[in-house]
Amino acid sequence: RLMFPIVTQTENFVGFGGRVLDDSLPKYINSSESLVFKKSNIFYGLNQSAKYIRTKGYVVVVEGYMDFIALYSRGVRNVVATLGTALTPQHAKLISRYSSKLVLLFDGDNAGQTAARKSLKILLEAKLLPKAVVLPNKMDPDDYITENGAEEFQKQIAASEDLFLIVMHEKLKGYSGAATEKVAIIEELTPIMQSVKHRGLKELYLRELSDRLQVTEPWLLKMFAGKPDDKKQFIKSVEVEKETQVAPVKEDKLLSLAKAPRDEIYLINMALMSRDGFDKIIETEILQQISDQNLSKVFNQAAQVYRQRPEDFDKLTALLVNLIDQPSYLSGHLREPLSLMDKAEQFKLINDCINSIKKRHLQNELEVCKRNLKTSSNPNIELEQIVNIKKSILEL
């Protein structure tokens, strides 16, 4: 094996790496970890490249010894290499001492690209500004600079793209604009967005994603925020608002739907699923019988906006979540099993919810009539109402 002494940035020798000179496996072997040698805390070559990183203002991160030597020997000297491990929080902390900017240059194969993507959350949590280069034809940095030369390699570095945008574009491959796809993409990007500590970077990412998904930035904020406590902190850290064509009435405080009956929550989700469903619900005049006051406000707001601008139906969900404290109550129609329903199943659930809401409303009226019966000056009227209500309940 070809032996590589491993030296810390303070010029202490702490271990060795060995690379085979043929096709034997394993390709690399490092010294066993010890109190002084921990792969997750060390960059190969940092003792040589630290001064160049400060001069250039950014660092190029590669995967192994050979990549480091290939780049350094050809004039790319602001470079460090990991020791066969993924980037760790300790690595990110170490890089931040020298520069906040870095370019990941992992191998162009699937494993290298996966490692780069996994590094994103760690780097963002450390307030770093990560970019990446995906080399063509699955080449590694050593092969690429040997074949194409240092000048062409520097062009690749100069054209490096924001790592978040690379990940986002991958998630958007084949994206057709369907609501279910939007939610799936948001759920996958949520851990990454919650890890962004740099305020300016967070604003730019939100704007980019808002444009690509065609949703409002406030709605994205609420979807990314998660728990109510996290949401307050997240929204406070980025105070962005995007004007919409039709804005909902502002409430003094966010409405809670936590106490709304399940059938009413289902009904508003079915209303937001399709225009046909919304039309059917409005035609039944069931909105007058919604028992939860907060949900009634949301439902009436939805009906008002829909009547004014029916062509903006697809924006209704994004508008309404600005009124409530937990957006998940209005996004059920975007997730399974509701999102998988065909039209017949949707209308059956709508009918079931309407009947359930009507029954509860009638039962409440029945209780009122029974109480009034005890003090009524004309009990026959109350008795007749009770009979009619019971008949209506049975018909349901």
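Asp352 is partly exposed in this predicted model, with a relative accessible area of 38%. Its side chain meets that of Lys348 in a salt bridge, at 3.1 Å from N to O. Lys348 is exposed, its relative accessible area being 53%. Both residues belong to helix 15 and sit 4 residues apart, about one turn of the helix. The general idea is a simple one: side chains of opposite charge can pair when their charged atoms come close.

Helix 15 offers further charged partners. Lys343 forms a salt bridge with Asp276, with 2.7 Å between the closest N and O atoms. Asp276 is in helix 12 (residues 275-283) and Lys343 in helix 15, so this salt bridge ties together parts of the chain that are 67 residues apart in sequence. In terms of accessibility, Asp276 is partly exposed at 38%, and Lys343 also counts as partly exposed, at 47%.

Another salt bridge brings together the side chains of Arg360 and Glu264, with an N to O distance of 3.0 Å. This pair links distant parts of the chain, since Arg360 lies in helix 15 (residues 343-375) and Glu264 in helix 11 (residues 262-273), 96 residues apart. The accessibilities of the two partners fall into separate classes: Glu264 is buried, with a relative accessible area of 0%, whereas Arg360 is partly exposed, at 22%. Buried means under 20% relative accessible area, so the 22% of Arg360 places this residue in the partly exposed class. The Arg360 and Glu264 pair does not stand alone, as Asp263, Glu264 and Arg360 are linked in a network of salt bridges. Over the whole structure, a search finds 7 salt bridges.

Turning to cysteines, the structure holds 0 disulfides. Cys353 is buried, with a relative accessible area of 5%, and Cys369 is likewise buried, at 8%.

At the other end of the sequence, the picture is one of paired strands. Strand 1 (residues 2-7) and strand 2 (residues 13-19) run antiparallel and are joined by 6 bridges. Within this pairing, Val7 stands opposite Phe13 of strand 2. The hairpin made by strand 1 and strand 2 has 5 residues between the strands, and there Glu11 adopts a positive phi near 70°. Strand 2 also pairs with strand 3 (residues 28-30), again in the antiparallel sense, over 3 bridges. One of the positions involved is Gly18, whose bridge partner in strand 3 is Ile29.

Aromatic residues add another set of contacts to describe. The whole structure contains 12 aromatic pairs. One of them joins Tyr28 and Tyr65 in a tilted arrangement, with 5.5 Å from centre to centre and 50° between the planes. Tyr28 lies in strand 3 and Tyr65 in helix 2 (residues 65-73), so the pair ties together parts that are 37 residues apart in sequence. Tyr28 counts as partly exposed at 31% relative accessibility, while Tyr65, at 3%, counts as buried. Tyr44 and Phe68 form an edge-to-face pair, with 5.4 Å between the centres and 80° between the planes. This pair, too, links distant parts of the chain: Tyr44 is in the loop between strand 3 and helix 1 (46-56), Phe68 is in helix 2, and 24 residues separate them. Both Tyr44 and Phe68 are buried. Ring pairs draw these residues into a cluster that holds Phe4, Tyr28, Tyr44, Tyr52, Tyr65, Phe68 and Tyr72.

A word on confidence helps in reading these results. The protein chain averages a pLDDT of 84, and 91% of the residues score at least 70. Among the elements of the chain, strand 5 (residues 79-81) has the highest mean pLDDT, at 96, and helix 10 (residues 228-237) the lowest, at 50. Over residues 238-248 the pLDDT is below 50, and this stretch has 30 contacts in the model beyond near neighbours in sequence.

Technical notes. Residues are numbered from 1 along each chain as its sequence is written. Side-chain values use heavy atoms; hydrogens and water are left out. pLDDT is the predictor's confidence in each residue, from 0 to 100. Helices (H or I, at least four residues) and strands (E, at least two) are DSSP runs, numbered from the N terminus. Contact means heavy atoms within 4.5 Å. A disulfide is a pair of cysteine sulfur atoms within 2.5 Å. Buried means under 20% relative accessible area, exposed over 50%, partly exposed in between (1.4 Å probe, protein chains only). A salt bridge is a side-chain nitrogen of Lys or Arg within 4 Å of a carboxyl oxygen of Asp or Glu. Two strands pair if DSSP finds at least two bridges between them. Rings of Phe, Tyr and Trp (its six-membered ring) pair if their centres lie within 6.5 Å; planes under 30 degrees apart count as stacked, over 60 as edge-to-face and the rest as tilted.
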